[in-house]
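Reader: Hi! I'm new to looking at protein models, and I'd like a close look at one helix and what sits around it. Could you walk me through that part slowly?

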Amino acid sequence: CSKTTVIAAQVSTRSDSLAALLDAVEKQQLSVEYMYAMSDAAGKFSALIFRFDNPDPAIAAFTQAGFKLISDL
């Protein structure tokens, strides 16, 4: 068992949310180690969770692109 740092970004349930978030990743040429998604049972809340080798540039890219980051999931 090990602990890793991930970044969780809240996204809408619209299909273009993933594309917009991945555009931010591509513009900064960030390397994604892995990514997964989660949502609530009602489908009103969704988040994309990413693991990067260096999270600081990703945090800056996501906030600059207008995504709300989620802490302490």
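Author: Sure, let's begin with one side chain and work outwards. Serine 17 has a relative accessible area of 8%, so it counts as buried, the cut-off being under 20%. Keep in mind that this is a predicted model, and the 8% for serine 17 is a value computed from it.

Where does serine 17 lie? It lies in helix H1. Leaving aside its neighbours within four places in sequence, serine 17 is in contact with Val11, Ser12 and Phe67.

Now zoom out to the helix. H1 runs over residues 16-27, which makes 12 residues. From its first C-alpha to its last it reaches 16 Å, close to the 16 Å you'd expect at 1.5 Å a residue. Serine 17 has company in being buried: Leu21, Ala24 and Val25 of H1 are buried too. These four residues are on the same side of H1, because they cover an arc of only 100° around the axis. Flip to the other side of H1 and you'll find Glu26 and Lys27, which are exposed.

So what do the buried residues of H1 pack against? Their partners are strand E1 (7-11), strand E2 (32-39), strand E3 (46-52) and helix H2. Let's visit some of those.

Take the strands E2 and E3. They pair in the antiparallel sense, over seven bridges. Serine 39 stands opposite serine 46 in E3. The hairpin of E2 and E3 has six residues between the strands, and in it glycine 43 takes a positive phi near 75°. There's a positive phi just after our helix as well: glutamine 29, which follows H1, has one near 50°.

Then there's H2, which covers residues 55-64 and holds alanine 58. Is alanine 58 buried or exposed? It counts as buried, because its relative accessibility is 0%. Leaving aside its neighbours within four places in sequence, alanine 58 is in contact with Ile7, Leu30 and Phe52. Have a look at the isoleucine in particular: alanine 58 and isoleucine 7 are 51 residues apart in sequence, yet 8.1 Å apart in space, C-alpha to C-alpha.

To put the picture together, go back to H1. One side carries the buried Ser17, Leu21, Ala24 and Val25, and these pack against E1, E2, E3 and H2. On the other side, Glu26 and Lys27 are exposed.

How values were computed
Residues are numbered from 1 along each chain as its sequence is written. This is a predicted model: local features need pLDDT of at least 70, side-chain atom pairs count only at pLDDT 80 or more; totals for chains, interfaces and linings use all residues. Side-chain values use heavy atoms; hydrogens and water are left out. Helices (H or I, at least four residues) and strands (E, at least two) are DSSP runs, numbered from the N terminus. Buried means under 20% relative accessible area, exposed over 50%, partly exposed in between (1.4 Å probe, protein chains only). Contact means heavy atoms within 4.5 Å. The expected span of a helix is 1.5 Å times one less than its number of residues. The arc is that of the directions from the helix axis to the C-beta atoms. Two strands pair if DSSP finds at least two bridges between them.
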